[in-house]
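Trainee: I would like to take a close look at a single part of this structure. Could you take me slowly through one sheet and the helices that pack on it?

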Amino acid sequence: MAGPAGGRPLIITEDPLLLDDLLRLCAAAGAEPHVHHAVPERTGARDGAREADGAGGGGSVGWESAPLVLVGDDAARRVRGAPRRDGVFLVGRDLDDPQVWQRALEIGAEEVLRLPDAESRLVDRIADVVEGAGRPALAVGVIGGSGGAGASTLACALAVRAARAGERTILIDGDPLGGGIDVLLGGESVQGLRWPDFAGSRGRVGAGALEESLPELHALRVLSWDRGDWVAVPPAATRSVVAAARRRGGVVVVDLPRRVDEAVAEVLAQLDLVLIVVPGELRAVAAAGRVAAGVRMAARDVRVVVRGRCPAGLDPEDVAGLLGAPLAGEVPVEVGLPGRVAEGEPPGAQGRGALARFCDGFWQRALGPAQGVPA
């Protein structure tokens with residue numbers, strides 16, 4: 001469904017074949033554009049407007065008010081002299097036109113898009129307009145430095161605490177062999193899509209459609225694996241789903257497997273920060289070193305969370321130093337947590353617990369006025 005006029009792209013062209021292409025791409029992005037022969041009048045009058053079926057109802061839109069303007073290369077001369085603005089793209093199908101860059105310069109176009117090669121990029125830009133894309137979500141991955149480190153527990157707790165703080169939150173289960181992170185939240189029977197449902201995804205995934213399709217548990221959305229036969233989700237589909245989760249802002253938390261394959265690398269590349277959870281044990285530190293080396297190949301920012309007490313002569317700063325990464329904090333072992341989770345209480349639900357305190361402190365630093373990850 002198209003949004004209000006201010007959220008609808010403007011197409012300027014008289015080329016019927018190009019117009020058909022652009023209308024098709026707008027439909028793929030869920031947009032209902034306005035179509036004109038030339039720059040619309042400031043008053044929004046329809047003089048000179050060309051209305052295609054289903055492409056012009058609901059009021060007109062001006063050159064300056066449209067969030068995105070797609071100018072056909074046949075119409076570039078008619079657009080010269082229009083006020084300069086952002087979000088103008090010159091679109092055509094002739095790959096060998098030597099004058100295209102001059103025309104793009106004359107109308108102040110951000111980019112020249114040639115179809116069909118640029119179709120995917122153009123659909124993405126149109127869909128951003130429809131979805132009102134703004135600041136992307138702060139995306140945090142959690143990975144265990146060794147087996148049984150408690151990474152899934154920390155990932156759940158981070159998501160629960162973010163949601164309780166009023167953040168739009170999506171928790172993503174990145175481990176197909178982990179048994180389903182929805183179990184930790186007591187939601188394995190809740191209706192909604194799981195990872196296998198996205199195995200056949202091609203191209204862009206709608207952010208709003210993704211969010212609405214996922215199970216809602218404890219005020220957050222969860223994308224988990226199911227308990228059926230294992231289904232391979234292609235790396236491209238994984239990338240599209242995580243990108244969609246980020247586009248509407250808020251917080252995305254990803255529970256990561258310890259083995260970094262191509263699909264996991266796609267996820268790591270989209271994360272702002274990866275937390276490696278390391279139990280305070282020498283053997284766990286040694287194992288975490290190998291995990292950290294693999295994660296660094298794709299992640300931009302890796303930090304250490306030490307869980308539990310360290311042995312004599314080794315403190316959390318030492319653990320972080322051995323792994324060559326900054327220390328994000330310490331999480332004491334919370335007595336009674338496994339029993340409470342078994343009874344249906346999600347990790348982090350008890351606001352006075354050590355786990356909740358760590359998570360609250362982390363988000364307070366990370367989601368400050370500038371929404372950045374603290375150094």
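Mentor: What follows is a walk through one sheet, strand by strand, and then through two helices that lie across it. Please keep in mind throughout that this is a predicted model.

The sheet I have chosen is an open one of five strands, which follow one another in the order E2-E1-E3-E4-E5 and pair in the parallel sense. Strand E2, residues 34-36, and strand E5, residues 111-114, stand at the edges, and because each has a single partner strand, one side of each is left without a neighbour in the sheet. If you ignore direction, neighbouring strands of this sheet are turned against each other by 25 degrees on average.

Begin at the edge formed by E2, whose pairing with strand E1, residues 10-12, is parallel and runs over three bridges. To find this pairing in the view, look for leucine 10, which stands opposite histidine 34 in E2. As you follow the strands with your eye, it helps to remember that in a regular strand the side chains alternate between the two faces of the sheet.

Now turn to the helices. Helix H1, residues 16-28, lies across E1, E2, strand E3 (69-72) and strand E4 (88-92), and its direction makes about 170 degrees with that of E1. Helix H4, residues 119-131, lies across E3, E4 and E5, running at about 125 degrees to E5. Strands E3 and E4 are thus named in the contacts of H1 and also in those of H4.

The two helices also pack on each other, at an angle of about 55 degrees and with their axes 9 Å apart. Angles under 35 degrees count as roughly parallel and those from 65 to 115 as roughly perpendicular, and H1 and H4 are therefore described as oblique to each other. H1 passes H4 in a right-handed crossing.

Which residues make this contact between H1 and H4? On the side of H1 they are Leu22, Arg24, Leu25, Cys26 and Ala28, and on the side of H4 they are Glu119, Leu122, Val123 and Ile126. Sorted by class, the contact of H1 with H4 has seven nonpolar residues, no polar ones and two charged ones.

To put the part back together, trace the five strands from E2 to E5 in their order, then place H1 across E1, E2, E3 and E4, and finally add H4 across E3, E4 and E5, with its axis 9 Å from that of H1.

Conventions:
Residues are numbered from 1 along each chain as its sequence is written. This is a predicted model: local features need pLDDT of at least 70, side-chain atom pairs count only at pLDDT 80 or more; totals for chains, interfaces and linings use all residues. Side-chain values use heavy atoms; hydrogens and water are left out. Axes are lines fitted to C-alpha atoms, for helices over the stretch in contact, and angles run from 0 to 180 degrees between N-to-C directions. Helices (H or I, at least four residues) and strands (E, at least two) are DSSP runs, numbered from the N terminus. Angles under 35 degrees count as roughly parallel, over 145 as roughly antiparallel, 65 to 115 as roughly perpendicular and the rest as oblique. A crossing is left-handed if the near helix is turned anticlockwise from the far one by less than a right angle, and right-handed if clockwise. Contact means heavy atoms within 4.5 Å. Ala, Val, Leu, Ile, Met, Phe, Trp, Tyr, Cys and Pro count as nonpolar, Asp, Glu, Lys and Arg as charged, and the others, Gly among them, as polar. Two strands pair if DSSP finds at least two bridges between them.
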